[in-house]
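Hi everyone, thanks for coming. Today I'd like to walk you through one structure, step by step, and please keep the picture open while I talk.

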Amino acid sequence: MTETTETAVNGADNLKFCKHCGAKIPKDAVICTACGRQVEELSQGNAPQPQIVINNDNNNVNTNTTNVNVGGMGGKQCNKKTAIILCLLGFCGLGGFHKFYEGKVLMGIVYLFTCGLFLIGTIIDLLALLGKPSVYYV
Ligand SMILES: [Zn+2]
């Protein structure tokens with residue numbers, strides 16, 4: 001309340017006088033209950049709460065998984081652990097599954113029939129996989 005216009009409140013502090021007709025109306029009334037005219041600005045009365053909208057959208061999403069198609073290479077996303085496990089199958093006589101996983105079907109077939117290029121290919125690939133990031137692209 002910055003200024004009380006001509007609403008002289010005597011006694012009952014929950015009442016005021018309408019500035020149009022002079023009737024006693026509730027202090028927080030915006031429209032006079034007697035004459036129906038507007039006596040208060042709508043923004044006054046109950047001081048409007050400032051609407052503080054806390055925008056807590058913390059979009060700290062790690063966008064490291066950019067699916068950029070590296071020029072002609074296909075850009076297939078591979079998981080290191082998965083590839084290593086599949087590669088280790090080569091030591092059980094099931095070579096080339098990591099090649100299939102990487103989408104290199106032809107090499108996979110060659111590995112499969114040669115037992116991972118007689119384990120040499122499997123070992124080389126395993127060492128190469130160990131040096132790769134946890135998610136790599138082929
Ligand atoms: Zn009135």
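**A helix and its two sides**

Let me begin with helix H5, on the face turned away from its buried side: the exposed residues there are Ile120, Leu127 and Leu130. Before I go on, please remember that this is a predicted model.

Now for the other side. Which residues of H5, which spans residues 120–130, are buried? They are Gly121, Thr122, Asp125 and Leu129. Looking down the axis of H5, you would find these buried residues within an arc of 95°, so they line one face of the helix. Here is some background that helps: an α-helix has 3.6 residues a turn, so residues three or four places apart point the same way.

What covers that buried face? The cover includes four other helices: H1 (80–88), H2 (97–101), H3 (105–113) and H4 (115–118).

**The whole chain**

Let's step back for a moment. There are five helices and four strands in the chain. If you read along the sequence, the order is β-β-β-α-α-α-α-α-β. The chain has 138 residues, and 16% of them count as buried. Among contacts with a separation of 6 or more, 31% are between residues 24 or more positions apart.

**H1 meets H5**

Next, let's look at H1. Its buried residues are Ala83, Leu86 and Cys87. Down the axis of H1, they fall within an arc of 100°, so here too the buried residues line one face of the helix. They pack against strand S3 (77–79), H2 and H5.

So how do H1 and H5 sit relative to each other? Their axes come within 10 Å and cross at roughly 160°. An angle over 145 degrees counts as roughly antiparallel, and H1 and H5 are therefore roughly antiparallel to each other. The crossing of H1 past H5 is left-handed.

Who meets whom at this contact? From H1 come Lys80, Ala83, Ile84 and Cys87, and from H5 come Thr122, Asp125, Leu126 and Leu129. Sorted by class, the contact has five nonpolar, one polar and two charged residues.

Let me pick out one of these residues, leucine 129, which lies in H5. Is leucine 129 buried or exposed? The cut-off for buried is 20 or more other C-beta atoms within 10 Å. Leucine 129 has 21 C-beta neighbours inside 10 Å, so it counts as buried. If we set aside its neighbours within four places in sequence, leucine 129 is in contact with Lys80, Ala83, Ile84 and Cys87. Those four residues belong to the H1 side of the contact I just described. Leucine 129 also gives us a nice link between distant parts of the sequence: asparagine 79 is 50 residues away along the chain, yet the two C-alpha atoms are 9.8 Å apart in space.

**Two leucines with positive phi**

Now for something about the backbone. As a rule, most residues other than glycine have a negative phi. With that in mind, have a look at leucine 117, which lies in helix H4. Its phi is near 50°, a positive value in a residue that is not glycine. Leucine 117 has 18 C-beta neighbours inside 10 Å, so it counts as partly exposed.

Then find leucine 119, in the loop between H4 and H5. Leucine 119 is not a glycine either, and its phi is positive, at about 70°. With 15 C-beta neighbours inside 10 Å, leucine 119 counts as partly exposed. Where does its backbone stand relative to glycine 95, 24 residues apart along the chain? Their C-alpha atoms are separated by 7.8 Å.

**One last loop**

Finally, let's go to the loop between strand S2 (24–26) and S3, where we find alanine 29. Alanine 29 has 16 other C-beta atoms within 10 Å, so it is partly exposed. Its C-alpha atom is 7.4 Å from that of glutamate 40, which is eleven residues apart from it along the chain.

If you take one picture home, let it be H5: one face lined by buried residues, and the face turned away carrying Ile120, Leu127 and Leu130. Thanks for listening!

Methods: Residues are numbered from 1 along each chain as its sequence is written. This is a predicted model: local features need pLDDT of at least 70, side-chain atom pairs count only at pLDDT 80 or more; totals for chains, interfaces and linings use all residues. A residue is buried if 20 or more other C-beta atoms lie within 10 Å of its own, exposed if 12 or fewer, and partly exposed in between; C-beta atoms are placed from the backbone. The arc is that of the directions from the helix axis to the C-beta atoms. Two residues are in contact if their C-beta atoms, placed from the backbone, lie within 7 Å. Axes are lines fitted to C-alpha atoms, for helices over the stretch in contact, and angles run from 0 to 180 degrees between N-to-C directions. Angles under 35 degrees count as roughly parallel, over 145 as roughly antiparallel, 65 to 115 as roughly perpendicular and the rest as oblique. A crossing is left-handed if the near helix is turned anticlockwise from the far one by less than a right angle, and right-handed if clockwise. Ala, Val, Leu, Ile, Met, Phe, Trp, Tyr, Cys and Pro count as nonpolar, Asp, Glu, Lys and Arg as charged, and the others, Gly among them, as polar.
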